[in-house]
Amino acid sequence: TMKKGAWEQSSSEFEKVVLGLYGRKISYDAESKWWNNALAATKTAVAALTPGAGQASVGAAEQTYVASLTAGQFDGIVTRMIYNNAAVGGRYKVAGTTITSTNIKAEYDKVYAAIPSVVLNQTDERPRIYAPYSHLQLINQYNNVATNYKDVFIVTDLGKPTQKVFFYGLEVVFVPMPENCIIAARPSHLLWATDLESDIAKMEINKIANNREDYFVKHIFTIFAHCMNQSYNVLYLG
């Protein structure tokens, strides 16, 4: 009677409690890696590129970001946007800086201006702005200054689970991205590929050894980050 998938193969009340405690931590770890990750080979390849200001060149900040990552088992979205485009040209590169509550509107303006008009004016799927969690605090601080135009960053249902933030009508989605990094792209251009619905995935909770009272939690699944139509996506990195 169990459903397919790693998260559906546990039946005891104990296992359900454990999954409730660890499920979100596992999900956050996977999401963080999906945004921030790099293969050892990619790190080496990006380090070998010559940085430049042109769109076909890797930016100095992009190169520094990839070098700072611990080598993982796949390339995350930010790394794929950097390497797949720096080698052949493509993504709209915006040179960034340290974002504060004072300059956040000016820096978001740079991202908005770089979005291709053909993407911005499509009505079937509006692009989104993906930003690190810390930007929510900076936006709220910016909006709280009386001299700023509070209709630039629109915050609805502040502090509630239904809270949303918009910049010039585009939704801002806060994710575990690196600081001073912003991505503007249609959601369908950033793909999370995994096999959580298949029986290849595995979630196991068991005793570490016989006659032991401590348990281990083991999960196995595949994950892959893919970026489509890369020449229509904007990457800001400071």
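## Leu 190 and its neighbours

Leu 190 touches Trp 34, Trp 35, Ile 77, Tyr 130, Ile 183, Ala 185, His 226 and Cys 227, leaving aside residues up to four places away in sequence. Contact here means heavy atoms within 4.5 Å.

The model is predicted: local features need pLDDT of at least 70, side-chain atom pairs count only at pLDDT 80 or more, and totals for chains, interfaces and linings use all residues. Numbering starts from 1 along each chain as its sequence is written, and side-chain values use heavy atoms, with hydrogens and water left out.

## Nonpolar cores

The largest nonpolar core (buried Ala, Val, Leu, Ile, Met, Phe, Trp, Tyr and Cys residues joined through side-chain atoms within 4.5 Å; buried is under 20% relative accessible area, 1.4 Å probe, protein chains only) has 27 residues. Those with the most contacts inside it are Trp 35, Ile 77, Ile 82, Tyr 130, Ile 183 and Leu 190. Helices H1 (13-35), H3 and H4 (77-86) and strands S5 (170-175), S6 (181-185), S10 (223-227) and S11 (234-237) each supply at least two of its residues. H4 gives the largest share, four residues. Helices (H or I, at least four residues) and strands (E, at least two) are DSSP runs, numbered from the N terminus.

Another core lies apart, with 25 residues, among them Ala 131, Val 152, Leu 170 and Val 234.

## Helices H2 and H3

The axes (lines fitted to C-alpha atoms over the stretch in contact) of H2 (residues 40-47) and H3 (residues 60-68) come within 9 Å and cross at roughly 150 degrees. That makes H2 roughly antiparallel (over 145 degrees) to H3. Lys 43, Val 46 and Ala 47 of H2 meet Gln 63, Val 66, Ala 67 and Ser 68 of H3.

Methods: Axes are lines fitted to C-alpha atoms, for helices over the stretch in contact, and angles run from 0 to 180 degrees between N-to-C directions. Angles under 35 degrees count as roughly parallel, over 145 as roughly antiparallel, 65 to 115 as roughly perpendicular and the rest as oblique. Buried means under 20% relative accessible area, exposed over 50%, partly exposed in between (1.4 Å probe, protein chains only).
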